[in-house]
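Student: I would like to go through this model and ask how each label was earned. Can we take it term by term?

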Amino acid sequence: MNIINQFLLNVKHFSGLLLPITVAVVWEFMSRQGDAYTYIFVPLSQIYSGFVELIQSGELLINLVATLQTTVIGLVIGGFAGLFVGGLMAVSPLANKLIGPLYHTLRQVPLLGLIPLIALWFGNDLFSKILIVSLAAFYPIVLNTFEGMRGVEHKYVEVASVLKFNRLQLLIHVLLPAATPSIMTGLMHALAFAWVSTVGSELLFSTGPGVGGLMLMAQESSRMDIVIVAVVSIGLTGLLMNASLSHLRQYLLRWRSVR
Amino acid sequence: MKKIRDLANSLHTNALFFVSPILLLLAWAWVCSAGIFPEQILVSPAGVYQTAHELWGSGELQSHLHDSLYRLVLGFAIGVLLGMVFGVLMGLFKPIDAFFAPSFNALRQVPTIAFIPMLVMIFGVEETFKIVVVAKAAFFPITMATYDAVKGIPRSYFEVSKVYQLSHFSLVRHVILPATVPPILTGLRLALGRSWMVLVAAELIAADSGIGQMMEMGRQMFRIDIVLVGVLVTGLIGFLLDRSLRSVETHLGRWQQS
């Protein structure tokens with residue numbers, strides 16, 4: 001009786017693994033149904049050897065690093081620009097009224113829809129990719145910086161005015177620290193958008209190194225194993241970046257009393 | 001007197017609202033008329049309007065719009081339906097949750113766009129692929145929203161309805177629906193925006209019709225005016241989709257404020 005209970009408990013514990021295992025088994029089964037099936041259902045062993053091949057030739061690493069680089073550069077440029085514009089909009093009501101509507105109008109265009117335009121204007125190289133990624137990071141940071149600074153408790157601003165802070169001092173000593181939680185939230189969004197648009201722009205520009213380009217090449221030569229390895233590494237890298245950023249966020253916000 | 005001041009105030013703010021877009025438009029027109037960039041690089045606003053008019057007159061724009069919106073609606077409907085069913089099941093039944101959650105969360109990490117090459121290999125570049133892409137883009141946020149909404153119903157609501165001996169119908173009608181609809185609607189809005197973006201990207205990559213394909217064709221023929229019309233139309237549609245769901249949200253959520 002005890003053993004059965006133990007078993008059931010174990011099943012309950014590992015039931016999350018059942019689905020992936022089932023899929024893998026069915027996948028492997030389908031891959032042995034003939035050549036017509038192996039086109040999509042690549043044998044698991046081949047996915048593994050594709051992975052080893054990509055690692056040994058260094059292709060996976062080179063392309064991943066290139067993609068990461070684009071994301072990070074875009075995130076930094078878009079992040080600082082967004083911080084600046086969002087802060088400006090929060091400090092100056094005039095700037096808010098002038099920039100706000102423009103911001104909300106331009107934001108409506110799906111980012112990847114801008115790619116044909118940017119390709120015509122700036123060509124197909126790295127600059128265009130970074131432009132798209134920066135824009136992707138820019139939008140959420142502006143919004144969260146602005147809202148974070150707007151949401152500052154009024155008494156802090158009053159103290160600042162008692163201390164006769166000028167606008168710059170107000171910004172640096174009051175608004176920016178108070179808005180940090182919101183800005184970090186914006187940064188998390190920005191990272192996700194930047195990552196998606198990096199991969200998307202690599203698929204659409206299809207020049208230069210990058211995981212997107214790697215996938216496109218694999219698709220053209222019908223190498224499903226490489227496509228799968230690329231998709232998995234995109235997912236894992238995104239997860240890893242997300243996790244490290246949320247650690248950074250916790251570290252930066254450690255002063256905040258936990259609600 | 002106060003009314004007049006209010007009116008003047010609102011005119012003032014509303015006028016300011018249009019200042020920057022109009023300035024941008026004027027700057028654009030001025031740069032064009034000054035001839036700083038050649039016509040192939042920057043088409044004047046009038047030129048873009050002209051092209052839009054021609055595309056509309058020939059029925060080309062409508063047919064692209066029709067194809068894109070058809071894909072969006074069909075794919076989105078499939079994604080929403082599956083996502084809601086899945087979200088409710090995972091939210092209500094622990095074993096189902098435990099069974100699917102790890103796989104679901106792993107798949108959720110991969111951006112939809114990254115699946116495009118794989119989906120092209122499986123489904124080809126025809127209609128099916130685009131509808132699957134849209135459905136996939138919608139499925140994950142909606143499942144998440146539904147799951148959170150169902151999980152978020154306080155246990156006390158069920159206890160109260162038990163005390164009042166509510167029938168199953170009124171439990172659903174008066175407790176479960178009002179508690180879950182607002183968060184699900186927010187999920188729908190997010191999902192719709194993402195689906196639209198992913199669809200446009202998919203059409204840019206592989207399509208023989210649709211707004212994305214129109215832009216891609218414009219890019220290949222160096223017709224910047226067509227590309228700009230496409231950008232404006234995609235932006236407008238994204239805006240209208242978002243705005244309409246937002247108004248549904250405020251309409252259905254109006255009891256929350258009062």
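Tutor: Start with burial in chain B: 35% of its 258 residues count as buried. Keep in mind that this is a predicted model.

Student: What makes T143(B) buried or exposed?

Tutor: A residue is buried if 20 or more other C-beta atoms lie within 10 Å of its own. T143(B) has 27 C-beta neighbours inside 10 Å, so it counts as buried. The residue is found in helix 6 of chain B, residues 127–151.

Student: Which residues is T143(B) in contact with, leaving aside its neighbours within four places in sequence?

Tutor: They are G83(B), F86(B) and G87(B). Contact requires C-beta atoms within 7 Å. A separate value concerns I184(B), which is 41 residues from T143(B) along the chain: their C-alpha atoms are separated by 8.9 Å.

Student: Why is helix 9 of chain B called largely enclosed?

Tutor: Eight of its 10 residues, in the stretch 211–220, are buried, so the rest of the structure largely encloses this helix. The buried ones are I211(B), G212(B), Q213(B), M214(B), M215(B), E216(B), G218(B) and R219(B).

Student: What covers the buried residues of helix 9 of chain B?

Tutor: The cover includes helix 6 of chain A, together with helix 3 (60–92), helix 8 (168–205) and helix 10 (224–252) of chain B. Just after helix 9 of chain B, F222(B) takes a positive phi of about 55°.

Student: How do you know that chain A is more spread out than a compact globule?

Tutor: The globule rule gives 18 Å for 259 residues, and the radius of gyration of chain A is 24 Å, well over that value, so chain A is more spread out than a compact globule. Along its principal axes, the C-alpha trace of chain A spans about 80 × 65 × 30 Å.

Student: What are the corresponding values for chain B?

Tutor: Chain B has a radius of gyration of 24 Å, where a compact globule of 258 residues would have one near 18 Å. The C-alpha trace of chain B spans about 75 × 70 × 30 Å along its principal axes.

Student: How many helices and strands does chain A have?

Tutor: Chain A has 11 helices and zero strands. Chain B also has 11 helices and zero strands. In chain A, 36% of the 259 residues count as buried. Among chain A contacts between residues at least 6 apart in sequence, 75% join residues at least 24 apart; the figure for chain B is 74%.

Student: Where is the kink in helix 9 of chain A?

Tutor: A kink of about 55° lies at T180(A), shortly before the proline P181(A). The bend is the angle between axes fitted to the seven residues ending at a position and the seven starting there. As for the span, a straight helix of 39 residues would cover 57 Å, but helix 9 of chain A covers only 43 Å between its end C-alpha atoms. Just after this helix, S206(A) takes a positive phi of about 45°.

Student: What makes K164(A) exposed?

Tutor: The cut-off for an exposed residue is 12 or fewer other C-beta atoms within 10 Å. K164(A) has 7, so it is exposed. This residue lies in the loop between helix 8 (154–162) and helix 9 of chain A. Its phi is near 55°, a positive value in a residue other than glycine.

Student: Is S222(A) buried or exposed?

Tutor: With 11 C-beta neighbours inside 10 Å, S222(A) counts as exposed. S222(A) sits in the loop between helix 10 and helix 11 of chain A, and has a positive phi of about 55° although it is not a glycine.

Student: How many residues of each chain are in contact with the other?

Tutor: 43 residues of chain A are in contact with 46 residues of chain B. Helix 11 of chain A supplies the largest share of the chain A side, seven residues. That side divides into 31 nonpolar, 10 polar and two charged residues.

Student: Which residues have the most contacts inside the largest nonpolar core?

Tutor: They are A230(A), V134(B) and A201(B), in a core of 112 residues. Leaving aside neighbours within four places in sequence, V134(B) is in contact with residues including R71(B), F76(B), S195(B) and L199(B).

Methods
Residues numbered from 1 in each chain as written. Chains lettered and ligands numbered in written order. Predicted model: local features only at pLDDT ≥ 70, side-chain atom pairs only at ≥ 80, totals over all residues. Contact = placed C-beta atoms within 7 Å. Helix = DSSP H or I, 4+ residues; strand = E, 2+ residues; numbered from the N terminus. Nonpolar A, V, L, I, M, F, W, Y, C, P; charged D, E, K, R; others polar. Core = buried A, V, L, I, M, F, W, Y, C linked by C-beta atoms within 7 Å. Rg over C-alpha atoms; globule rule 2.2 N^0.38 Å. Expected span 1.5 Å × (residues − 1).
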